Structures are given as structure tokens and as C-alpha cells.
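Reader: I have a structure open on my screen and would enjoy talking it through. Shall we start with one side chain and work outwards?

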Amino acid sequence: MKREAQNLLQKVDEKSEKCTVGCPILDRNLNGGIPTKSITEVVGESGSGKTQICLQLVLSAQLPPSHGGLNGSSLYIYTEYPFPIRRLKQLSLSLLSSHPNHLLSSSDPLSRIILRGISSAENFVELLPDIELCLRYWKSRLLPIRVIVVDSIAALFRSEFGNCCFDLKRRSSLFFKISGGLKLLAERFGLVVVVTNQVVDFIEGNESVRIGNFSELCSSGRRVCPALGISWANCVNSRIFLSKDQTGIKITRFSSLLFAPHLPLSSSQFVITEKGLFGVENV
Amino acid sequence: MEIGMLPISASKRGKLLAAGYTTLHSIATTSITHLATDIEVSESEALEILNFATRNSALERSSGSNTNVIQGGQTAWDMLNEERFSSSITTSCADLDNILGGGINCKEVTEIGGVPGIGKTQIGIQLAVNVQIPLDYGGLGGKAIYIDTEGSFMVERVLQIAEACIEDMSEYSHHFHKDNQAYGVKMHPNSILENIFYFRVCSYTEQIALVNYLDKFVTEHKDVKIIIIDSVTFHFRQDFEDMALRTRLLGEMSLKLMKLAKNFSLAVVMLNQVTTKHVEGSFQLTLALGDSWSHSCTNRIILYWNGDERHAYIDKSPSLKSASAPYSVTSRGIRNSTSSSKRIKMV
């Protein structure tokens, strides 16, 4: 899809489209929702809600723009088996019950979500041309895919790369290849791209670099930092951190904006119920 | 010498410079209609200016000051005088402007690098807005080219910064009792958006093709005074089978950008990412694209966190002292840091 230089010039008057995450309180901190044509990363430890928010996103994307959606189908690429299909079904019923029928183009929201499992980073790079074909196909059938979720990107890289310089370089250039490929598709097809990432423990004494609005990130009472290092951090446009703290049976969850080109720092509390993931109004 | 010698008003002089006429020769060799449209004066006024210019450049030639110089060259004295008219673009942060000697300089390539989230794109957008500040308010009244390689350019943010800039200007004119009726109408956030030529590139081949095309584009849009590339690095960090090719491509690109800066008297700002370099057993933060890339810019600024405060540090410059200054990113754009106790530190 090569374009002539003069065709690269674009108009600067349209505000970017956004997709609701399914909760007005969380949307507010994001100034409307997750933006299109960029990569948003959701990072947090296991059980912090990353997958939950992604499942909710691919359902909300099917709503019309008047209700914060994109009238779009979604492509959900997962790396950790098994895929939580039952939870997705539960959330889809919640969506149907909270919105009138005529808003959704299909009676079964699940029919507009395409699932694909992958196992390695190279696998993913090889998949990119197929993803493009898939996007074109669905667009031609007037059910355009508007959201791509990669859950999680960290899992693709954790196992097969060692710590030596050569491996790190190879890993790093794969980051840019994948990110470049996703951003190109996001730009061409106006996609929301959400990628989830894991955290690693922060080790004192390491030459660690502060990235983003918060000098320290804590979850479950310990200091953490996003996996995949500074190279990957350069590949995403926005980063949201989900934290959780458990005392007894009470779980406190926070969603914090670490960096974004259009948003100031913010933090809001949220809960996960059977109906989904929802922000909590500040008391 | 140059434009300064012409017996014309200061605003006409400013308009000539803004339109790209930095030497008498450039005026003398243009046509009356071009001159009239470029600086928005009547044809008779343009003829007057043209006559002055031809007379003076003829005098210069006969006095021999130009015949001692090689074709395309100039004496150091001429260059010094030219530099007095070289303009700079404010960053909206006084501390940062101070260590930069007034702001981001035209005719130079400035590289700004830092970690994600430190404010590179914010500075880029602020400059794209500030270059448009009218001459009467100390700006260049120019347009901007914004080359987005990563998708970080968010229109809503540009609007925010543009609105804040306009508010600041009307406050300024309020204080100095300037008649800003005319500008109140001209400077509208949407017109600020229109004056930013936005290019989105999605691969390194597109990026190179675009940089090659810029010469033609800027010739057709002489009021462009700044080119921002955000970021220059992204598409070059993928696997290049042939690293020598990458070095060559980067070298050619940086040469073209330097020529653009010099020939059209505009500022080129390249935003860069940081990476870790393995040096003597430990990892150090360094700007991406390797050692050979460090020759591709005139000035280099590194943005970093100092505790909870953002700082900018002049890493390399032929004319500026190594110094660091704090700045902040607010809803209105780049501004001075709120902690007034931390001032500029000389290194």
C-alpha cells in the first residue's frame, strides 16, 4: 500500500474517533474512550482486569457512535489459552440487556468477534498480512472490523528470548516490526488497537528509567514495572496501568493513565462485577 | 549588507524575511508580481522595493565585496549580519527559551530526545503552534509541517494548545494596549490547525520519499518556517538486513534536512527515542539510531525526569552552553515549571 509523497498530506480538522470502554466514568478520564489510529497498552499484573476490559471493549465497539461505539466488529488475538469464552458470553448478555435491540446490528454480538490464537512473536509477524486480508474482507461485507486486541503481547516474548545482547536486539527489532505493522493497519483502517502487557517486579539498584506520570507503580503491595522494557514503551502511544490490592475479601482496583499524547495524568477506581468492569465515582 | 539596508518600514522588512527573502539578491532576481503576492503589498510598492534592492546589490557588486567570494559562498561578516535576522521560535517556557538562546533556531536542525511520556510530542505541537504567532507579537507568522511517524498527533490536543496560545496573546495585547482587533479575527484555533501541514508516514520508504519531496513542497509554501518530525526514529528501528543501508539512508535524510533548514531559513526539529546501550558492563540511556546519527543535527536536547520534574538538557550545540532547565507539560501546553525555586543550572 505505497502512497505518493504528496498524498501523505492529511486534513487536520477531524477529531479522532474514540471507542467507549463500556463505562462513562472510565471514558471520562480517557476523554471519550480509546482513540483510533494509535496503540493503547493496558498493563497490570495477573487478575488486574486487563482481559476484562478487552472483552468489554470488543462488545462496546458494536454500539453505534451515538452510544460511544464504532459500529464495528473486532479481532481478538489471544496468546494465553484457554480463551475466556464463557465470560465473553456473560458480558454479551449484559450488553444486550442494557441496550435496546435496534442498536446492535446482530442479535448475537459474539458473531462479530473474531478470535485467533497465536503462540510466538514470529508467528504474529507472519500473521500481519493475513490480518490485513481479514480487515479488507470484513470491510467489503459492510461489517468492518474496528478493534484489534492483542492479549497479551508480553506472553509472545517471555519465553524464547534470552538475556544476551543479541537476543535483546532481536527482540527489540521485533517490537518495532509488530508495532509498525499494527500502526499501519490502525491508520489505514481507522482501528482501535489495544495491547495488554504484564508487569515484572521492580528490582532495587537496577538502572531503571522512569517512564510516565508516576514515579512508582504498585500493585498487590509491591513495586512493579511494565514488562518488555523501554524499547516496547517506545512502541505504544498510550499506556494505562491497572492495579489491584487485596485485603481479606475486599479488592481495591485502580486504573491510572501513565502516558498519552492527549491526556493529563489521572487515576480512577473501578470494580469488576458479573456485569462487567465499571468505574467508581470519587466519593 | 542585506535587508536591513533597505529604506522600508520594519513590518515590510519582517514580511520580506518571513516570505523567505533574506538577501538583496533574492529580491532583485524575483518578479514584481511574485514579490507583491509574497509579501502582500501593491505592485507599485513591490516595484519600489525591487528598485532599492537592485540598486543596492549592484553597488555591493561594484564595491567588490562579493567578487572575492566563491560562487555560493559568503564572507563571515555577511553571515554574522544574516544571523542577526535569524529568528527563533519560542517554546512557551521562558527557562527553556533562555538556555536555547531565545528558542528553537531557524536554519538549524535540532534533535530532541527522551523517554516515552516526557513531552516530546507536546513540545513538537507547541512549536507547530508557536511558529504561527504573528510578527507583531514577536513570532514568525509562519506555517508548520508536522511529519507524524507514530500516530501521536491528536487534534484535540492541538486545539487545546492553540486556544491557550490565542488566550495568552490577547492577554499580552491587553497589557500593552495593542489594537488587536485585526488579530482577534485572524487567529482562530481552526486557522491555527489549517496552518499545520500534517503528513502521516507509515514506513521508512514513505518517510524518505516525503523528505525528498519537501524541497518542492516548501518552495510552493514559502511561509513554512518549521518542520517537525515525530519521531524520526520509529521506522528505522525495525530489522534492517543491511545496516550499512540504514546508515546511508539516515545520512542522506539528515543531509537533506540540513539543506532545507539552510536554504529556506526554517527550523527543523527531529524528535528521537531513547534506548539502552551496553557500555562497559552496564546499560546506559542514549538516543536511538546509533553513534553515526549524532552528527546529523546542529543541536541536541535531551529531556529527562529529575525527581518529579521534567528537565531539558543541551547535550550538543556549537553555540549554546551546556545547561539544563525545568519545564512542565500543562493543559495549555509547554510552560515554565511550577517550582520557582529551581532555576537554570549551568553545567
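Reader: Gladly! Which residue of chain B has its backbone oxygen 3.3 Å from a polar atom of the side chain of Arg200(B)?

Author: Happy to help, and do keep in mind that this is a predicted model. Arg200(B) sits in strand S5 of chain B, residues 196–200. The backbone oxygen that lies 3.3 Å from a polar atom of its side chain belongs to Thr149(B).

Reader: Is Arg200(B) buried or exposed?

Author: Buried means under 20% relative accessible area. Arg200(B) has 1% relative accessibility, so this arginine counts as buried.

Reader: Which side chain of chain A makes a polar contact with the side chain of Arg200(B)?

Author: This contact joins side chain to side chain, across chains B and A. Its length is 3.1 Å, and the partner is Glu187(A).

Reader: Lovely. Which residue of chain B is among those with the most contacts inside the largest nonpolar core?

Author: That core has 98 residues, and those with the most contacts inside it include Phe124(A), Ile131(A) and Leu182(A). Apart from it lies another core, of 36 residues, with Ile53(A) and Ile240(A) among them. In the largest core, the chain B residue in question is Ile226(B).

Reader: And which element gives the most residues to the lining of the largest cavity?

Author: The search finds five cavities of 30 Å³ or more, and the largest has a volume of about 120 Å³. Its lining has six nonpolar, five polar and no charged residues. Helix H1 and strand S13 of chain A each give two or more residues. With three residues, the one that gives the most is S13(A).

How values were computed
Residues numbered from 1 in each chain as written. Chains lettered and ligands numbered in written order. Predicted model: local features only at pLDDT ≥ 70, side-chain atom pairs only at ≥ 80, totals over all residues. Heavy atoms only, no water. Core = buried A, V, L, I, M, F, W, Y, C linked by side-chain atoms within 4.5 Å. Buried < 20%, exposed > 50% of the residue type's maximum accessible area, 1.4 Å probe, protein only. 1 Å grid on protein atoms, 1.4 Å probe; cavity = no way out; pocket = protein on both sides within 12 Å on 5 of 7 lines; lining within 4 Å. Points joined across faces, edges and corners; volume = space filled by probe spheres on them. Helix = DSSP H or I, 4+ residues; strand = E, 2+ residues; numbered from the N terminus. Nonpolar A, V, L, I, M, F, W, Y, C, P; charged D, E, K, R; others polar. Polar contact = N/O pair within 3.5 Å; in protein donor to acceptor, adjacent residues only side chain to side chain.
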